[in-house]
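Trainee: Could we go through this structure together? I should like to begin with the packing of the interior.

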Amino acid sequence: MTTKCKKCKFKIEKGDLRVGKVVTNPLSKGVGDMKLWYHPRCMVEKFKLTTTMIQKMEGFGDLEQEDKDNLNRMINESKSPLKKTKKTLTATKLSPKVSKTVSSSSSPTDLLADNIELLTSDRGEEPLYSNIVNPGDSLENFRKLCGDIAAEKSYLVKTQKVSMLLKEGPDGDGFKGDAYLWLKLLLPGFVKRVYNLKSKQLVKLFSQILDTDCEDMVEDLNQGDVAETIKTFFGQSHMVLPQRRSTLMLKEIDQYLEELTKVRKEDDQMRILQEVSPKMFVRLITRDLKMNAGAKIILNGLDKNAYDAFQASRDLKDVVQRAMNRGSKPGNSKPINIRTLLMTPVLPMLAQPCRSIDQAIKKCPDGMYAEMKYDGERVQVHKKGDNFSYFSRNLKPVLDHKVKHFSEYIPQAFPSGDDLILDAEVVLVDNETNNPLPFGNLGVHKKAEFKDAQVCLFVFDCLHINGENIMHKPIKERREILQDEMMEIKNRVMLSEMRLINDTEDLQDMMDDVFGQGLEGLVLKDINGVYSPGKRHWLKVKKDYLEEGKMADSADLIVLGAYYGTGNKGGIMSIFLMGAYNPHTNKFCTVTKCSSGLDDKTLEELQFQLEVIKINKDFTKVPKWLHVNKSLIPDFVVKDPKESPIWEIIGAEFSKSPAHTADGISIRFPRIADIRDDKTWEYATDVPMLQDPKESPIWEIIGAEFSKSPAHTADGISIRFPRIVDVRDDKTWEYATDVPMLQDLFKKSKEASDIVTTNKGKPSSDTPTKI
């Protein structure tokens with residue numbers, strides 16, 4: 001039988017004595033057993049066997065006396081530190097014998113002894129990991145480093161921990177290990193691996209491995225950390241006995257992770273998960289080592305330019321090799337060069353929100369380029385000769401149907417461009433108007449729903465051309481290179497629309513023009529700015545960013561449910577399902593999920609104030625009043641939507657989303673702007689109002705006085721202590737009070753207030769404010 005030792009991972013030679021521990025096969029759902037094989041000495045060390053336990057094993061009586069004596073000697077040696085010898089990977093040669101398996105015993109001590117049997121191998125096996133590795137590259141040392149980094153609050157000290165490892169090694173005698181392997185595992189989120197395992201799937205698999213209740217583990221998982229859940233139940237399990245110290249090497253861990261990417265069936269996944277140290281392995285799968293240390297902190301321990309070099313090339317192996325092969329240790333005063341690699345995606349440069357025109361002018365004092373913010377999909381184009389690669393904003397390959405035809409037009413647009421890296425946006429353009437169509441239409445373009453439109457590549461930057469990296473050049477020069485090298489092909493490959501802005505009036509005019517056309521916004525770029533991968537050095541102007549969101553689209557929506565958060569918000573409701581009432585179906589429909597806008601104190605209070613029922617995303621438990629798609633079923637639903645809070649939700653714009661049930665209406669980039677304690681569900685935004693605000697009813701509102709409130713968008717005008725006194729069925733939206741009328745009423749009310757103040761002692765009117 002082909003096998004390897006479960007402790008040391010080396011093969012058990014043909015004819016050698018082996019010891020088997022019989023456990024329930026987790027794949028058989030409680031029916032049938034499986035055997036875990038060990039070298040005799042490995043079994044003695046792992047389970048601290050005694051002479052009595054050995055004698056109870058089935059098959060012990062069939063052994064020759066010499067073998068019995070060898071086993072007893074190993075036990076005695078394991079008890080005395082002075083007599084311990086180096087463990088060997090082979091045992092006394094024997095003639096093959098096979099004993100019977102045994103049934104489990106109820107006593108934990110007997111269970112251990114009774115479920116171990118002695119066998120000899122009938123044929124050998126090549127070890128799974130036979131390559132020689134450095135002893136310092138152990139999981140135990142890796143775990144210790146992660147713990148040391150997590151314990152430090154200072155980011156500088158965290159970086160120093162990495163630098164010290166790469167200089168001195170884990171034992172202080174110089175680093176002799178695999179630096180790339182260490183850094184690859186320290187940065188699990190930057191390795192292109194797909195495991196097809198999410199938190200609940202991991203819990204399901206480990207519940208079978210550990211023979212624990214899956215529902216109990218899922219309940220514990222709601223605290224937000226799947227690795228802690230598995231660690232807790234691993235410690236409680238009688239099926240698998242934890243080792244005091246892991247014997248796994250980093251190379252083994254890396255190979256197990258790689259193997260995990262190649263399997264899809266649960267039994268194959270469980271086979272791999274049974275081999276590893278659960279908590280750390282799960283952290284690697286979930287890409288969260290809980291160190292509070294990002295890529296910059298880790299890579300700066302290798303070289304002060306390592307992070308920027310990695311951002312530019314996304315090739316960790318190349319960066320590590322260049323840093324380690326400089327002829328000196330990490331920390332050398334001569335940093336590595338930053339370079340791009342064709343056909344390897346560069347982390348895109350990003351933009352931060354711009355809150356005002358003054359902020360833009362201050363950020364770009366020498367002038368800026370104002371570029372239309374296209375509402376499409378960002379794409380990075382790589383051309384090397386006749387070969388093309390297209391990468392998304394997340395550095396993943398773009399679907400062929402969106403970009404494959406560009407391979408025909410790009411050579412025409414860049415006739416002298418043999419090697420290129422372009423930053424661009426893929427947009428669907430209307431052939432009749434030449435105007436871009438809204439975001440989301442690209443996904444249905446392949447269904448021929450837009451026969452009068454075609455996909456266009458709007459190029460806005462060039463990072464590399466004909467063997468030269470030009471990211472270090474200012475955008476003014478990069479733009480000139482684009483204009484010189486590129487020939488536009490109408491509605492196929494176009495230069496982005498960009499204007500040079502030197503003062504506030506120019507910027508205001510362009511903003512008015514863009515928002516007037518219903519476009520998403522602008523991107524502002526300092527004319528002297530270089531291309532900095534991953535950095536937010538550009539500015540983005542959108543109407544929901546300006547003047548504290550006063551220009552944003554908004555709706556007063558009802559809290560319908562909530563979801564557990566993750567990370568530091570794990571175990572609490574931190575994401576909320578917002579919706580609106582549909583009078584035609586008498587159901588409450590979903591509009592958006594929202595998690596931003598609440599401070600920590602408010603969020604903490606909601607855990608107790610919000611009356612909810614836990615349904616754990618179970619479709620069968622969704623109440624009849626809620627219309628929700630399966631993909632959005634929450635962890636909690638409110639007990640009564642008619643008693644639920646009303647929140648003002650603002651966002652970039654209303655959009656169409658098939659995931660939501662309010663006629664597919666949703667809000668892009670939503671955030672909570674205000675808690676509307678003055679409203680009940682009858683006066684919240686309903687589905688007909690979302691469909692067409694002009695069809696909304698007109699109500700007469702009275703209150704104590706007009707006031708100023710930055711939370712509201714009608715020039716900040718609001719009403720104190722408002723109440724509805726009449727439903728004005730005789731009015732339509734054209735004849736309702738508009739913002740200029742509000743401004744005039746506000747001015748007059750303040751003038752009247754001033755008159756009353758200066759005439760103290762005289763009668764004043766008690767007439768309330770009314771609109």
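Mentor: Let us fix a term first: a nonpolar core is a set of buried Ala, Val, Leu, Ile, Met, Phe, Trp, Tyr and Cys residues joined through side-chain atoms within 4.5 Å. Buried means under 20% relative accessible area, exposed over 50%, and partly exposed in between, with a 1.4 Å probe and protein chains only. This is a predicted model, in which local features need pLDDT of at least 70, side-chain atom pairs count only at pLDDT 80 or more, and totals for chains, interfaces and linings use all residues. Residues are numbered from 1 along each chain as its sequence is written, and side-chain values use heavy atoms, leaving out hydrogens and water.

Trainee: How many residues has the largest nonpolar core?

Mentor: It has 64 residues, and Phe142, Leu202, Phe206, Phe281, Ile285 and Ile298 are those with the most contacts inside it. Helix H7 (residues 179-186) gives the largest share, 6 residues; helices here are DSSP runs of H or I, at least four residues, numbered from the N terminus.

Trainee: And what is Ile298 in contact with?

Mentor: Beyond its neighbours within four places in sequence, its contacts (heavy atoms within 4.5 Å) include Leu183, Leu186 and Met291. A second, separate core of 43 residues includes Trp625 and Ile667.

Trainee: Changing topic, how many disulfides are there?

Mentor: The count is 0, a disulfide being a pair of cysteine sulfur atoms within 2.5 Å.

Trainee: Why does Cys364 have no bond to Cys354?

Mentor: The closest cysteine sulfur to that of Cys364 is in Cys354, and at 8.5 Å it is too far for a bond. Cys364 is buried, at 4% relative accessible area.

How values were computed. Helices (H or I, at least four residues) and strands (E, at least two) are DSSP runs, numbered from the N terminus.
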